[in-house]
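User: Hi, I am new to this one and would like a short tour. Could you show it to me first?

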Amino acid sequence: MLDHDAAYAALQSRDARFDGCLFVGVTSTGIYCRPVCRVRTPLQRNCRFFESAAQAEAARFRPCLKCRPEVAPGQRLAWTVMDASRTLARQAAAWLDAQAGLPDGPPVSRLAQSLGISDRHLRRIFQAEHGVTPLQYLQTRRLLLAKQLLTDTDLPVTDVALASGFGSLRRFHATFADHYRLQPTELRRQRLAAPEPQGPVLRLAYRPPHDLAALWAFLAQRALPGVEAPAPGGWRRSLQWPHPTQDGRWLSGWLAVRFNVPRARVELQLSPALVAASSTLLPAVRRWLDLDALPEQVDARLKDLPHPGMRLPGALDPFELAVRAVLGQQVTVAAARTLATRLVDAYGETLESPWPEVRRCFPRPERLAEAAPEALGRLGLVRQRAVAIGALARAWPTLSPLLRAPTLGGAPHPVPAAVQALQALPGVGPWTAHYIAMRALGWPDAFPPGDVAVLKALSQRLGRPCSVREAEQLAEAWRPWRAYAVIRLWAWLDPAQAPSPPLSSARTDRRIHPIAQPSP
């Protein structure tokens, strides 16, 4: 935490590097703001600085209606074993962020069990790191989520209360009035902008710089026709998403994202069918576009690599990503996209959207679990891939909590467990498992072993062949952001020259056949 003078200097300069890492409470107004807020800078003697919105609200400050602390970016967790308590506390906070919209229950006890520690120890390390208790932190996240839904959508107040994790409308009104000193309906009347007529648009902030050209190039090269497509300044796609409060029910709809670069924010438009899942979708979208990245820290560690500001593209649908990773084994990215398109046309559900290029959903796991290998073979899949996809689909009920964590209530970032479970499947080796974990979980320090494209890029930069051992040694200097290095090296290669076969497929994916790693 910065000292008071340094924090005030960051506030005066409206330094975006501290957005989401620093909040200022103004004692003369009782309101707390982000450091990028455009209102008149308060006097230093009237400022109190906090590391989180939860700390500011625990001190009885109300969120600003102009800069909107609820849309501030979070902080991507950098894994370390040197300070295990701090890492656990930050994992716990990320889990609670994603749990905010789930129904009332005993999440703290489940969280402690997932982390392998006692409730008492969790409360102790959480208080030491965040300055509030886990329940105070969770309540702040729920209130801020409710504030965002009241501001950006026309959802009835009852639906806002349920979507924000309040099991009782009466309790929601009481808690909201106690903390913000106004009723939910009053906030809706005071909102600064009316909702978009095409549908709800939720705002999400990020810290610049963001290399959007590199992001769009990465996504466009892998765009799946019928499921997703580029849009002016953003992206559109279909999505099937589990309902956050009704087990077994899936929501089918579409979403569109548009970057507002001058304001350093993303405008997320949801179809009406997906609005009910806003609480779990928002963290997933943040991870998909890597909006919580700390670009200055990443660029400082990767200063010798190209594409500064490039983010780590995630995945909205982990099952889709896993299937496409298997389809990409031993073929080019374009060939893998062709196979995935055939799979969507054969097994995906149709969808109505405002755009003709978004018309189908990626197949659900149960559909592919029932598909015979022979039927998949008629789409052009070799038998080994067909068997691997069937095994992946049948195992998805067990894998899903690991690869959706923490968004839908799994253990926080269970990277080792997820990688181990994936590698237990036929046809999934170390590279494929690490690649899936890197993008589905947003694992910032992932480094898929023996990646061919990384080796080729390093060989070109060094002017000589680069071995797997040497690549791993060079990557030590990139910790804890090795996944960002991988993405930048992939982007640096000419896509037409990106290699597809592995250097040694027999040592990577050999469960049912020497299966190669996917091309990146």
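Analyst: What follows is a walk through some sheets and helices of this model, which is a predicted one.

User: Let's start with the sheets; what is the strand order in the sheet of 4 strands?

Analyst: That open sheet has the order 3-1-2-4, and its pairing is mixed. Strand 3 (47-50) and strand 4 (62-63) are its edge strands, each of them pairing on one side only.

User: How many bridges join strand 1 to strand 3, and how do the two run?

Analyst: Strand 1, residues 23-26, is joined to strand 3 by 4 bridges, and the two run antiparallel. As a place to look, Val26 stands opposite Cys47, a residue of strand 3.

User: Which helix lies across those two strands?

Analyst: Helix 1, made of residues 4-13, lies across strand 1 and strand 3, and the helix runs at about 95° to strand 3.

User: And the sheet with 5 strands, what order does that one have?

Analyst: The order there is 5-9-8-7-6, again in an open sheet, and the pairing is antiparallel. At the edges are strand 5 (201-205) and strand 6 (228-231), each of which pairs on one side only. If direction is ignored, neighbouring strands of this sheet are turned by 30° against each other on average.

User: Inside that sheet, what joins strand 7 to strand 8?

Analyst: Strand 7 (residues 234-242) and strand 8 (residues 250-260) run antiparallel and are joined by 9 bridges. One residue to follow is Gln240, whose bridge partner in strand 8 is Ser252. Helix 10 lies across strand 7 and strand 8, at about 55° to strand 7.

User: Switching to helices: is helix 19 mostly covered or mostly open?

Analyst: Helix 19, which spans residues 430-440, is mostly covered, with 10 of its 11 residues buried. Among the buried ones are Trp431, His434, Tyr435, Met438 and Arg439.

User: What do those buried residues pack against?

Analyst: The buried residues of helix 19 pack against several helices, namely helix 10 (212-221), helix 11 (278-288), helix 13 (318-327), helix 17 (383-403), helix 18 (415-423) and helix 22 (482-492). After helix 19 comes Gly442, which has a positive phi, near 65°.

User: You listed helix 17 and helix 18; how do their axes cross?

Analyst: Their axes come within 10 Å and cross at roughly 175°, which means that helix 17 is roughly antiparallel to helix 18. In this contact, Leu392, Leu399, Leu402 and Leu403 of helix 17 meet Ala417, Ala418, Ala421 and Leu422 of helix 18. By class, the residues of the contact are 8 nonpolar, with no polar and no charged ones.

User: Now helix 20 and helix 22: at what angle do they pack?

Analyst: Helix 20 (residues 452-462) packs with helix 22 at an angle of about 70°, and their axes are 9 Å apart. The two helices are therefore roughly perpendicular to each other, and helix 20 passes helix 22 in a left-handed crossing.

User: Which residues make that contact?

Analyst: On the side of helix 20 they are Ala453, Val454, Ala457, Leu458, Gln460 and Arg461, while helix 22 brings Val486, Leu489, Trp490 and Trp492. Sorted by class, the contact of helix 20 with helix 22 has 8 nonpolar, 1 polar and 1 charged residues.

Note on methods:
Residues are numbered from 1 along each chain as its sequence is written. This is a predicted model: local features need pLDDT of at least 70, side-chain atom pairs count only at pLDDT 80 or more; totals for chains, interfaces and linings use all residues. Side-chain values use heavy atoms; hydrogens and water are left out. Buried means under 20% relative accessible area, exposed over 50%, partly exposed in between (1.4 Å probe, protein chains only). Contact means heavy atoms within 4.5 Å. Two strands pair if DSSP finds at least two bridges between them. Axes are lines fitted to C-alpha atoms, for helices over the stretch in contact, and angles run from 0 to 180 degrees between N-to-C directions. Angles under 35 degrees count as roughly parallel, over 145 as roughly antiparallel, 65 to 115 as roughly perpendicular and the rest as oblique. Ala, Val, Leu, Ile, Met, Phe, Trp, Tyr, Cys and Pro count as nonpolar, Asp, Glu, Lys and Arg as charged, and the others, Gly among them, as polar. A crossing is left-handed if the near helix is turned anticlockwise from the far one by less than a right angle, and right-handed if clockwise.
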